[in-house]
Amino acid sequence: MDSKLDLLLRSFTFYISSILSIIRYFLTSFSRFKQIPSAFTVSDACISLYFRLLGLSPVSIHVDDETTLHFWATAGRGGRDRKPDDERPNLVMIHGKCGDSRWQFMYQVGHLSRRFDLYIPDLLFFGKSYTTRKERSEAFQAKCLAEGLRKLGVDKFSIYGISYGGYVGYHLAHMSPDRVEKVVLMSTGVGCNDDQKDEMVAQLGRDPKELLVPRTSDDLRELMYKSVYKSNYMKLIPDSFLQDYLNDTLLIWGNKDYVFPMNLAYQLQRHLGSKARVAIVKDAGHAVNMDAPDQVNRLIISFILG
């Protein structure tokens, strides 16, 4: 019954936000004598309004003089504003490549925002986050994210990372083991060796970074086809890193993942040993959160909240 009410609320909220957003953009367009906004522009605005209606607010954090991180965060519930008796845990949701965080998590924020205080960053070079520094590594992404969360007053938190976001999440756990409580990884290539990377390239028929950061509409169609069933090259992360710096870890994988095959989930589990367990979602591809959002939400909530 609870899931049905949540679905009804989520649908009602989204439709209302869509109508209000469309009206606002049409009025704005006509009043300024501009052309009617594109379908993408309207959809993008609807998603932003949907996030706001769920209690999330956009905030930009200046990590340093050259770097700015944009977040969607639970409004008024940062670490400095938290009441002593407030026991809602913090969940940091780290997106993968292709698009910003809103588009990748839009099927999950409605459910998860009821149980967690959410902090959803746009990683650098995605959405509204940017830097003029030359660093481009996942470690740099994690370093900036750790500092951004600190400035938001977020001390303890769990991590939920998708694909490329899984790499960033691992480095974040490595840098802040005293702050990270639990880790959820989904469809990520952490721990792949060089032979496995070469095999994945052969199966994809092209360089993964060209697929995961599409530049043309054809590239985007191919990415969606391979990701949704109904990586960029990363250096091998040592076993010692995986074993020593992670707390309890849940690995979520789709059994139809054509980007990072399912066997990688079990390989990573072997690296982590007793600290990890695997949850396989049937009839789901690389984008498990889009193929089966309700099941993923239930897995995250039950794992983090125990």
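1. Ser163 is a good place to begin: in this predicted model the residue is buried, with a relative accessible area of 6%, which is under the 20% that separates buried residues from the rest. Ser163 sits in the loop between β6 and α6 (164-175), and its phi is positive, about 50°, although the residue is not a glycine. Ser163 is also one of the residues in contact with Thr188, a residue taken up in the next point.

2. Thr188 is placed in the loop between β7 (180-186) and α7 (194-204), and at 1% relative accessibility it counts as buried. Leaving aside neighbours within four places in sequence, the contacts of Thr188 are Ser163, Gly166, Tyr167, Trp253 and Phe260. The C-alpha atoms of Thr188 and Gly161 are 8.3 Å apart in space, while 27 residues separate the two in sequence.

3. A second residue that is not a glycine yet has a positive phi, here about 80°, is Phe125. Phe125 belongs to the loop between β4 and β5 (130-131). Is Phe125 buried or partly exposed? With a relative accessible area of 41%, Phe125 is partly exposed, because that value lies between the 20% and 50% limits; Ser163, by contrast, is buried at 6%.

4. For the overall setting, the protein has 306 residues, of which 52% count as buried, and its fold contains 13 helices and nine strands. The accessible surface comes to about 15,000 Å², and carbon and sulfur atoms account for 54% of that surface.

5. Strand β3 (residues 90-94) deserves attention, since five of its five residues are buried. Its two faces are both covered, with Asn90, Val92 and Ile94 on one side and Leu91 and Met93 on the other. Strand β3 runs parallel to β4, to which three bridges join it, and Asn90 stands opposite Asp117 of β4. Strand β3 also runs parallel to β6 (residues 157-162), this time with four bridges, and within β6 the bridge partner of Leu91 is Ser158.

6. Two residues on neighbouring topics, Tyr119 and Thr74, can be read together. Tyr119 is found in strand β4 (residues 117-122) and is buried, with a relative accessible area of 1%. The C-alpha atoms of Tyr119 and Phe71 are separated by 6.5 Å, although the two residues are 48 residues apart along the chain. Thr74, in strand β2 (residues 67-74), is likewise buried, with a relative accessible area of 10%. A polar atom of the Thr74 side chain lies 2.7 Å from the backbone nitrogen of Leu118, and Leu118 is also among the residues that Thr74 touches beyond four places in sequence, together with Gly55, Leu56, Arg88, Phe116 and Asp117.

7. Which residues of the largest nonpolar core touch the most other members? In this core of 41 residues they are Ile94, Leu145, Leu149, Phe157 and Leu172. Apart from it lies another core of 31 residues, which includes Phe116, Tyr160, Leu250 and Val288. As a general background, nonpolar side chains in soluble globular proteins tend to be buried together.

8. Helix α5 (residues 138-151) has 14 residues and reaches 20 Å from its first C-alpha to its last, close to the 20 Å expected at 1.5 Å a residue. Its buried residues are Glu138, Phe140, Gln141, Ala142, Cys144, Leu145, Ala146, Gly148 and Leu149. An α-helix has 3.6 residues a turn, so residues three or four places apart point the same way. Among the buried residues of α5, Leu145 touches Leu69, Phe71, Val92, Ile94, Pro121, Val168 and Leu172, not counting residues up to four places away in sequence. Just after α5, Gly153 takes a positive phi of about 85°.

9. Helix α13 (residues 293-305) can be checked in the same manner: its end C-alpha atoms are 18 Å apart, which agrees with the 18 Å that its 13 residues should span at 1.5 Å a residue. The buried residues in α13 are Pro293, Val296, Asn297, Leu299, Ile300, Ile301, Phe303 and Ile304. After α13 comes Gly306, whose phi is positive, near 75°.

Note on methods: Residues numbered from 1 in each chain as written. Predicted model: local features only at pLDDT ≥ 70, side-chain atom pairs only at ≥ 80, totals over all residues. Heavy atoms only, no water. Expected span 1.5 Å × (residues − 1). Buried < 20%, exposed > 50% of the residue type's maximum accessible area, 1.4 Å probe, protein only. Areas by Shrake-Rupley, 256 points an atom, 1.4 Å probe, with all protein chains shown as cover. Polar contact = N/O pair within 3.5 Å; in protein donor to acceptor, adjacent residues only side chain to side chain. Contact = heavy atoms within 4.5 Å. Core = buried A, V, L, I, M, F, W, Y, C linked by side-chain atoms within 4.5 Å. Pairing = 2+ DSSP bridges.
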